[in-house]
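Biologist: I'd like a close look at one part of this model, a single strand and whatever pairs with it. Could you walk me through that, then place it against the rest of the fold?

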Amino acid sequence: MACTLSLAFLVLHGFISLSAAADSCQYYIPRGDPFSIPLKYPDLSSKELTWKHNEKLIFKRKNGKFKPGKAEDISNDGSLQLKDLKLADEGTYKAVVSNSDGIISTEQSFILCVMEKVSKPSVNITCSDKDIIFTCTLTNIEGVTFQWNQNGNPIDKKTEPHLTIPLKPQKKTDTFTCSAVNKVSTETSDTIKPICNAVSDSGGHGLLFGFDFLPMVCILAGGGGLVLLLIIITLVCCFRSRRKSQMRFEEERELRLDPLTKPQHPYHQAGQTKHPSDPEDP
């Protein structure tokens with residue numbers, strides 16, 4: 001039983017220590033930025049100065065000589081100059097100032113945290129029957145809080161990546177933005193105008209193909225009527241053309257049959273013509 005309690009205490013103590021360490025950063029710096037850890041010691045001309053990072057010696061000046069490090073690594077007041085910070089550069093930095101006899105004049109520690117800047121967020125919109133649902137998306141949301149704005153004014157108590165608002169109070173001129181914030185940077189999305197239509201209590205129709213229902217119905221009805229009119233005109237033209245072709249055929253047929261239907265004059269050979277006054281042969 002005693003062993004179990006001891007183990008539980010150690011686990012709890014470790015968890016509390018990690019949580020305290022995570023919240024104990026004195027400086028939050030964006031990755032890639034320079035930073036000066038401020039020592040601000042008034043007179044270092046006759047002093048020995050050392051800097052350590054996570055207990056590893058990274059700078060030492062003694063009797064005007066530098067090893068490790070170089071003169072440009074510190075400022076006149078002993079502040080440590082860091083450049084192009086990386087995630088591996090975070091941790092505890094410790095500065096010690098002492099005299100030539102090794103007696104410490106001052107000793108200071110600083111906890112530095114290096115973080116990625118937030119990326120520019122984008123906003124997706126989902127329309128439901130009664131609400132508009134906004135979703136703020138970005139590459140990495142670790143340590144990020146969100147701020148929503150309507151018409152340039154903050155929406156209080158809205159710090160989550162999702163925002164739901166009712167449709168009915170909204171105007172077509174309303175605009176929204178989402179800002180992503182962490183301890184080292186802030187980025188804001190492009191301004192958006194939601195295009196959702198509320199469904200009325202009496203049974204509205206909302207959207208059709210992403211546009212207002214009634215205008216789309218009018219457009220489709222007008223287009224359908226135009227197509228029907230074109231079909232009728234085409235049929236009438238085809239009928240008239242066929243009728244003209246048939247009448248032309250009948251006329252040509254009559255012209256071909258006309259010589260055959262007219263009466264023919266009697267034909268007699270020369271010298272055999274009989275006159276009515278000639279007497280008949282006995």
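**Strand E14 and its surroundings**

Modeller: Let's start with the pairing: strand E11 (residues 145–150) and E14 are joined antiparallel by six bridges. Keep in mind that this is a predicted model. One contact to find on screen is asparagine 149, whose bridge partner in E14 is threonine 177.

E14 itself covers residues 176–181, and five of those six residues are buried, so by the under 20% relative accessible area cut-off this strand is mostly covered. E14 also pairs with strand E15 (residues 186–188), again in the antiparallel sense, this time over three bridges. Here alanine 180 is the one to click on: it stands opposite glutamate 187 in E15. The E14 and E15 pair makes a hairpin, with four residues between the two strands.

Now for the other sheets. Three strands, in the order E9-E10-E13, make up an open sheet with antiparallel pairing. Its edges are strand E9 (122–127) and strand E13 (162–166), each of which pairs on one side only. Going from one strand to the next, the twist averages 20°. Within that sheet, E9 and strand E10 (residues 131–137) run antiparallel and are joined by six bridges. Cysteine 127 is a handy marker there, as it sits opposite isoleucine 132 in E10.

Then there's an open sheet of six strands, ordered E1-E8-E7-E3-E4-E5, and its pairing is mixed. Strand E1 (27–30) and strand E5 (65–66) are the edge strands, each pairing on one side only. Inside it, E7 and E8 run antiparallel with eight bridges between them. To find that pair, look for serine 98, whose bridge partner in E8 is isoleucine 104.

As for the packing, the largest nonpolar core has 19 residues, and Ile37, Leu49 and Trp51 are the ones that touch the most other members. Several strands supply at least two residues each to this core, among them strand E3 (48–53), strand E7 (91–98) and strand E8 (104–115). Strand E2 (35–37) and strand E6 (80–82) also give at least two apiece. There's a second, separate core too, made of 18 residues, including Phe134, Trp148, Leu167 and Cys196. Two of those names tie back to strands we've been through: Trp148 falls within the 145–150 stretch of E11, and Phe134 within residues 131–137 of E10.

Conventions
Residues numbered from 1 in each chain as written. Predicted model: local features only at pLDDT ≥ 70, side-chain atom pairs only at ≥ 80, totals over all residues. Heavy atoms only, no water. Core = buried A, V, L, I, M, F, W, Y, C linked by side-chain atoms within 4.5 Å. Buried < 20%, exposed > 50% of the residue type's maximum accessible area, 1.4 Å probe, protein only. Pairing = 2+ DSSP bridges. Axes fitted to C-alpha atoms, helices over the stretch in contact; angles between N-to-C directions.
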